[in-house]
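Student: I have the sequence and the picture open now. Could you walk me through some of it, starting with the charged side chains?

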Amino acid sequence: MFSVRGPLALMTAVTLFAAGVPAAAQEADQPTADGSSIVVELRLEPDGTLSVEEQITVAGTEAIRRESPLRELAGVDVDRVYAVRDVETDGPVEAEVTERAFVVTADSGTSTLRYRVDGAVADLAASQEFRWQVTGDWNADLDSVRVSFVSPSAPQSITCLAGAPSSNTTCTVSQIDAGQLATAQQTGLDADDRLVVSVGLSADAVPATARYDENFSIARAFSLTPTTGVILGVLFVLLLAALAVPARRRRQDRAALRAEIGPVDVLLTESDGSVAFASPDGVLPGQVGTVVDEHVDVVDVTSTIVDLAVRNYLWIEELHVDQDVLDWRIVRRNPPDESLHDYERAVYTCLLGPDTGPDRREEVLVSELAGADTLDLAAVQDALYSDVVERRWFSVRPDQARNRWWWAGLGVAALGAVLTVLLAVLGGSALVGLGLIVFGLVVALDSRRLPARTLRGSRLVAQVRGLRDYLDTASCTDIPAEDREMVFSRSLPYAVVLGETRRWLGEFAEIDGAADGTPGLYWYGEDLGGASSASPDLRRFAVHFPSFLAELDGVLAEAGHLRSLR
């Protein structure tokens, strides 16, 4: 209800405002003798602070208490926050300001409460609004509440709501008087009801003091904001940069692999006319597998054992009962010397133990290697990775090159997961944490395809293609009869590691093992009924040798550490 009084009332209101006493408080009827009542004077200061003086009259003998909230819902997931300070009391009343409420306890009689409020004025589109819960949430009924409001500029409108927090019931009286005065009155306010006054003001009447806090919300935490968008954009650019490094390395590697290197001649003719096998760049069978797939695998160790036998460091012997192969014996033939690489010595030691001491063995059965404590292939793996770096086929160990990116990516993803939870709980931009998770996982997964080969290593892989072509197309008739066994034996470990074993065995199954002046293979023999001899029949060898490789692969795979590709 709005009304405008005559000139006399205007002069009275202005006079009372100048004296610091609101006119409505002077003109209002006195409370009934048997009921509690409150008279509230609101003064909006030029700096936007609200000064409040309450006169509380408690008619009964029991104290009454209220907890006025200092936060109210102002929108979706947004609270409007008020602050009460500079509290003064006079008479039987106590007041306390907590984090979320203004608590007042008034005893029987009349008391006065003074305090200041921050946050009561908010800017609107073309005006300002003053809003404050004047009283309410008492644990007892009130007979009447009177409110007067003065401000530096004339109020433009007033709205007074009394009742439950969710109701829109207006007060008994609310009006704008002459000058800067607005008044409201409520007859009867039930316990737990509240009385809220909103006053419209002209734009820029006083500085706006309203403060808003965002509440926790999963939807808001994962919503896209301009700031979040900028951060995610930066993460996307960083991700592209992080992916560009391995992508560039892969392009370089593929270009080197596709480069024409010309025919790879692995057969060399000596000055005396004999033919010998020579691997490209002097690469050994175990090194071939590691350079090609950038992993130390079981087949790399198996081919190394065969190569050590071919080079007369070991002797391999079939053990038979009747015509069935029972096992294979690996025998120490010559001790490891300076010609062997560290990883070859590690393989030799895994099989037969050290050169001296109680752990030295002269021979070992393949079946005995299964579950043996001495079969520590971790040392072989480390030595072989170090060896290919030393030969400058890799700039760093390939497992470490991948692992750096792998663990770095997982670390970023883990950080993103923690940040996502924290930001979601604290109401921040949890999308940033999700962006970090995606960034880290993509980098970690991409690292598995990161090549670590140097240019020399990539060229070697291209040369190995030529070696594979040789193993796939060579004919034993192209080699002098007396050199066939040696060329076959020296090439066989490379056929093992490159998957050309059966073709290579089949091609040389018909050669004469005695053509070089010695019966059978010089590095592989058979024990038939206790008599050991070289294998004169390469067709029989071609049938049994794949079983030896399969058995040895299985034993090495059980030892752990290495991948099995078979």
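**Charged pairs and their surroundings**

Tutor: Let us begin with one arginine in this predicted model: R116 is partly exposed, with a relative accessible area of 29%.

Student: Which residue does R116 form a salt bridge with?

Tutor: The partner of R116 is D86, and the closest N and O atoms of this salt bridge are 4.0 Å apart. Since D86 lies in strand β6 and R116 in strand β9, the pair ties together parts that are 30 residues apart in sequence. D86 itself is partly exposed, with a relative accessible area of 46%.

Student: What about D118, which residue does that one pair with?

Tutor: D118 forms a salt bridge with R85, where the closest N and O atoms are 2.7 Å apart. This pair also links distant parts of the chain, with D118 in strand β9 (residues 109-118) and R85 in strand β6 (residues 83-90), 33 residues apart. D118 has a relative accessible area of 24% and is partly exposed, and R85 counts as partly exposed at 32%.

Student: How many salt bridges are there in total?

Tutor: The count comes to 23 salt bridges. One of them joins E67 to R65, with the closest N and O atoms 2.7 Å apart; E67 is partly exposed at 40% relative accessible area, and R65 is partly exposed at 35%.

Student: And which residues are joined into one network?

Tutor: That network consists of R71, D79, R211 and D213, which are joined by salt bridges that share partners.

Student: OK, switching to strands. What order do the seven strands of the open sheet come in?

Tutor: The order is β6-β9-β2-β1-β12-β15-β14, and the pairing in this open sheet is mixed. Its edge strands are β6 and β14 (173-176), each of which pairs on one side only. On average, neighbouring strands of this sheet are turned by 15° against each other, if direction is ignored.

Student: So how do β6 and β9 pair, in the parallel or the antiparallel sense?

Tutor: They pair in the antiparallel sense, over six bridges, and E88 stands opposite R114 in β9. As background, strands of a sheet pair through backbone hydrogen bonds, either parallel or antiparallel.

Student: What is the order in the open sheet of three strands?

Tutor: There the order is β4-β5-β17, and the pairing is antiparallel. β4 (71-75) and β17 (211-214) stand at the edges with a single partner strand each, so one side of each has no neighbour in the sheet. Neighbouring strands here are turned by 40° against each other on average, again with direction ignored.

Student: How many bridges join β5 to β17?

Tutor: Four bridges join strand β5 (residues 78-81) to β17, and the two run antiparallel. Looking at a particular position, V78 has E214 in β17 as its bridge partner.

Student: Last topic, helices. At what angle do α12 and α13 cross?

Tutor: The axes of helix α12 (residues 455-473) and helix α13 (residues 481-497) cross at roughly 120° and come within 11 Å. That angle makes α12 oblique to α13, and the crossing in which α12 passes α13 is left-handed.

Student: Which residues of the two helices meet there?

Tutor: From α12, L467, Y470 and L471 meet V487, S491, Y494 and A495 in α13.

Terms used. Residues numbered from 1 in each chain as written. Predicted model: local features only at pLDDT ≥ 70, side-chain atom pairs only at ≥ 80, totals over all residues. Heavy atoms only, no water. Salt bridge = Lys/Arg side-chain N within 4 Å of Asp/Glu carboxyl O. Buried < 20%, exposed > 50% of the residue type's maximum accessible area, 1.4 Å probe, protein only. Pairing = 2+ DSSP bridges. Axes fitted to C-alpha atoms, helices over the stretch in contact; angles between N-to-C directions. Parallel < 35°, antiparallel > 145°, perpendicular 65-115°, else oblique. Left-handed = near helix turned anticlockwise from the far one by under 90°. Contact = heavy atoms within 4.5 Å.
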